[in-house]
Amino acid sequence: MSNAYIDQFPAEAKVIRAAFYSSFFALALGGVFGIIQTLHRTGYYRFIDSADYYTVLTAHGVFLVISFTIFFLVGIFTWAITTSLDRGVEDLRFTWGWYGLMAVGITLTGVAILAGFTDATDISASVLFTFYAPLQAHPLFYLGLVLFVVGTWFAGVDWFRSWWAWKAENPDERIPLPAFMVLTTMLMWYIATLGVAAAILLFLLPWSLGLIESVNPLLTRTLFWFFGHPVVYFWLMPAYMMWYVLLPKISGGKLFSDPLARVVFVLFLILSVPTGIHHQYLDPGIAEGFKFIAMTNTMFLLLPSLLTAFTVVASMEHGARQRGGEGYLGWLKALPWRDPVFAGMALAGLMFAAAGFSGMINAGMNINYLVHNTFWVVGHFHLTVGTAVALTFMAVTYWFLPQVTGKQLWSRSVALGQVVLWFVGMTFMSNAMHRGGLLGIPRRTAEPQYDGFEFEAAVGSVAELDAQIALGGVLLTLSLVLFFANVVGTALNGRSDDLPDNSYAGTLSGPEDAPQILDNLKLWTAIAVVLVIFAYTFPLLSIIDRGGLFGPELVELPLSTLDLESISALALAVEQSTIATLETTADTATAVIAGVIP
Amino acid sequence: MSHATDESTQIQDPDQPTDSDQVREIGHDEFDPVGALALIGLYFLILVFLWFFMYFVEFLGNDPTVVSGIVSVVTGGVGLA
Amino acid sequence: MNIHAYEKLWLVAAMLLIVGFIATITYGSVALGITMVGDQQDTVEPTELADDDRFDDPRVEQVGENEYEAYVVAQTFSFQPNPIEVPEDSDVTFYVTSRDVIHSFSLVGTNVNTMVIPGEVAEMTVEFDDPAEYGVVCNEYCGPGHHDMEGEVHVVSEDEFDLTELEADGPDEVETGDEISVDVTTENRQLEAIETTITLEIGDETLTEDVTIEGGETLETTFTVDSATLGEGDHDWTVTVDDHTDSGTVTVADDLEDDGGDDDE
Ligand code: HEM
Ligand SMILES: [Cu+2]
Ligand SMILES: [Cu+2]
């Protein structure tokens, strides 16, 4: 009899499985769109209309950075809370409730996006994951996002309830590190999502429903980035958590410093939000001074990541030395490179080091003239969310799947091949994207080939860059195929009694070394709120003062060229029946997803 | 059941392939992360070098650049850096 | 709190790095004068650009000896004016706005790059040295034709550059024997006077007039040709000033049915 997670928390394991499978489904869809885009842009294979490219890109962005990442992280957060507090969730129905809300929400959004491929309905949402007004999506798109986000809010409530209940029983204990990380991340998330909630609920949704005439594009854009920067930490912090609580154990050692890990998460809580304006360095209508403040905050936000780099490497080194590693760098050889969980996380961390560099460039205010909205940026975030996060998630899947299914991993060697392939593919793709960006090749463009001019490469050529991007994309797609083979193969395995115990890394310097104040979540939240108020009040007031709360009269896109008099009845009927169908589809989808799980 | 207390989470599982390779136990006071220091030092040097390269060669070498109308006369040589 | 000595060292190094980065950017701003697109300009009504003094007629204007202003409108899926022509060795301030959605205005291979947001005006001052041709891309997704949105900025030599505008107007039909008169309006939008020649070519005839137009002035000239020398039939005419042309066609007929006078248009 083993003592895996599923043996300890069978009911919670089922929720986590549901979250994981939803996440993987999104990853599969996103991957398909990813390779279509790659081959289209580079000109190697174009089978869709270039106008549809943007529907593909919207789907790629939303499915990967909203559904794949967030479904996965709610899974591991549930694991982290239950394992580290050693108690099941307070109310399982509530847990399934938030999961269901997220699933319904993303289904609505997904359907609104995918409907853009057919002319059968006039529903479409090819607005990319940033949905900048005056681009306008169908109301379903916004509504779905709202439900999804509200689902994550309830998930947070669920975890806080566990913690409050635990605290009542253990009044004098330190918050266990994994729970601490979950709670600080969620606090950050609550603050961050206020921006997108305001953008959608006050402006974009009423506007798409025709309740208000127009919006202030700079205002909704600024509210989006209020959320859009911290959302990257919402993806990253779970990956960091894996590096802190799982990686040291997998390396054969212990976490170097629990106190510093807490400091890092506190820094993320207080610094993640007041930086979003760094995405708007080149926006007219925002004073240079505000941009400079955002840059300063952003640069200091490097600190927790730099500290993480040291702590994580030191923890790996501890493992390597316990395994007999010697020398300044010789210990690297003693690490368990053949273990896919380790190799995947270590390679993800290595890529994150490179991403850290391109991120520093992105943060540098005036250097943004060089890189803003070029392919460089795409190269950058395929290293961050596309590798540091995605590869870490895939790697830890090889540890979590046996835990939550009670089945042996289908193949460790396929898993090892998968993570290495991802690393190699991403090296090709993202390196070439960075270089392309420096030549001025734009992102988000179906055919970056122009009539009037060409991009000039000092070294190599655009054709060579395209070849590397396409090659990288193909390798990444292959890697995904291997990943899904393993997920399906594992699901088809029988139950095993011989699984590793559910546990996480011990610490060399434990919580007893951490000042008590670090666990004062109220204090850090208050500081975070104050910083946000400082950073955003004046820019927002100035934007509203300039452009008005509801902005100038706008030409919205998609432009409605329909003769409303004659077809409104028809359109209404189509819309209503589609919504009805969607709702049933959503329900069925949830039921199916839930049903897949034995 | 794993317990939240520090000791239990440190229990290493014998089935984990990684743990079977452990040859010694290194405690907090004996551990000196020189390897981490070496790697991070290397990273630091790379960052500094690349930062200067990106700013002064790639960025300033990519002129023209947006300058303020007034200072522009003085900085005719921005791109030369 | 128990922090390892190496960690303290790294903390210091990390802070140095951060401060160094901020210092470099500040150096760029203060010493090199690199300026961010900001909020200097008042807002505009995106749907009423036709009534806006600055954007009703997207154009390049001369405002000082080597100083120019370019008023640019981005819209799905083009830039106006296109190409944008400016002289070498000049300081050009671009004012860019959008008629509809968010676009960008980005000169390929340079650090000239801005978002273009409806309602807002992006201001960027740029020094152009030598003659060159730059591509302009829109790097923000703006709709299904986004990838077709491109433009050009031409930095031309001093000799080639002018801000002359030419308009010529002639009758559609005249009766044989009557005079054909072509009115030519030449505007010199530069600050300095220009000396040039206006030429009318019609049939085998070539008429010229040497003129001097003061900076900011408009000159009206009229060329007259006797239709009899051209003979019956359709005659194309072209007026040329430097490399600007305007043209039209006049029909010379023996007797016109209704003698409604010179019907211009
Ligand atoms: C098979 C693997 C993948 C391939 C081949 C791929 C390829 C691409 C390409 C070529 C673009 C640029 C499109 C453009 O700007 O025109 C892109 C955009 C993007 N990718 Fe990926 N990608 C992959 C995986 C991922 C993963 C795992 C993530 C995140 C978890 C991700 C997130 C994004 C995002 C957020 C965008 C930007 C969307 C936008 O600009 O609206 N990608 N991808
Ligand atoms: Cu950001
Ligand atoms: Cu565009």
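1. Which residue in S9(C) is the bridge partner of Leu107(C)? In this predicted model, the partner is Val136(C). The strands concerned are S6 of chain C, residues 103–107, and S9 of chain C, residues 132–137; they run antiparallel and are joined by two bridges.

2. Strands S6 and S9 belong to an open sheet of five strands in chain C, whose order is S4-S10-S9-S6-S7. The pairing within this sheet is mixed. Strand S4 (84–87) and strand S7 (113–116) of chain C occupy the edges; each has a single partner strand, so one side of each is left without a neighbour in the sheet. From one strand to the next, the twist averages 20°.

3. In chain A, three histidines coordinate the copper ion (ligand 2): His229(A) through ND1, His278(A) through NE2 and His279(A) through NE2. The coordination distances are 1.7 to 2.1 Å. Along the sequence, the donor residues of this copper ion follow the spacing H-x48-H-H.

4. Two of these donors may be considered by their accessibility. His278(A) has a relative accessibility of 10% and therefore counts as buried, the cut-off being under 20%. His279(A), at 23% relative accessibility, counts as partly exposed.

5. For chain C, an unreviewed UniProt entry carries the annotation "transmembrane region" over residues 9–34. In the model, residues 9–34 of chain C are 85% helix and 0% strand. The C-alpha atoms at the ends of this span lie 34 Å apart. The label itself comes from the UniProt record, whereas the helix content and the end-to-end separation are computed from the model.

Conventions:
Residues are numbered from 1 along each chain as its sequence is written. Chains are lettered from A and ligands numbered from 1 in the order in which they are written. This is a predicted model: local features need pLDDT of at least 70, side-chain atom pairs count only at pLDDT 80 or more; totals for chains, interfaces and linings use all residues. Side-chain values use heavy atoms; hydrogens and water are left out. Two strands pair if DSSP finds at least two bridges between them. Helices (H or I, at least four residues) and strands (E, at least two) are DSSP runs, numbered from the N terminus. Axes are lines fitted to C-alpha atoms, for helices over the stretch in contact, and angles run from 0 to 180 degrees between N-to-C directions. Donors are N, O and S atoms within 2.8 Å of the metal (3.2 Å for Na, K and Ca); water is not among the atoms, so sites may look incomplete. Buried means under 20% relative accessible area, exposed over 50%, partly exposed in between (1.4 Å probe, protein chains only). UniProt positions are given in the numbering used here, feature names are shortened, and annotations may be inferred rather than shown by experiment.
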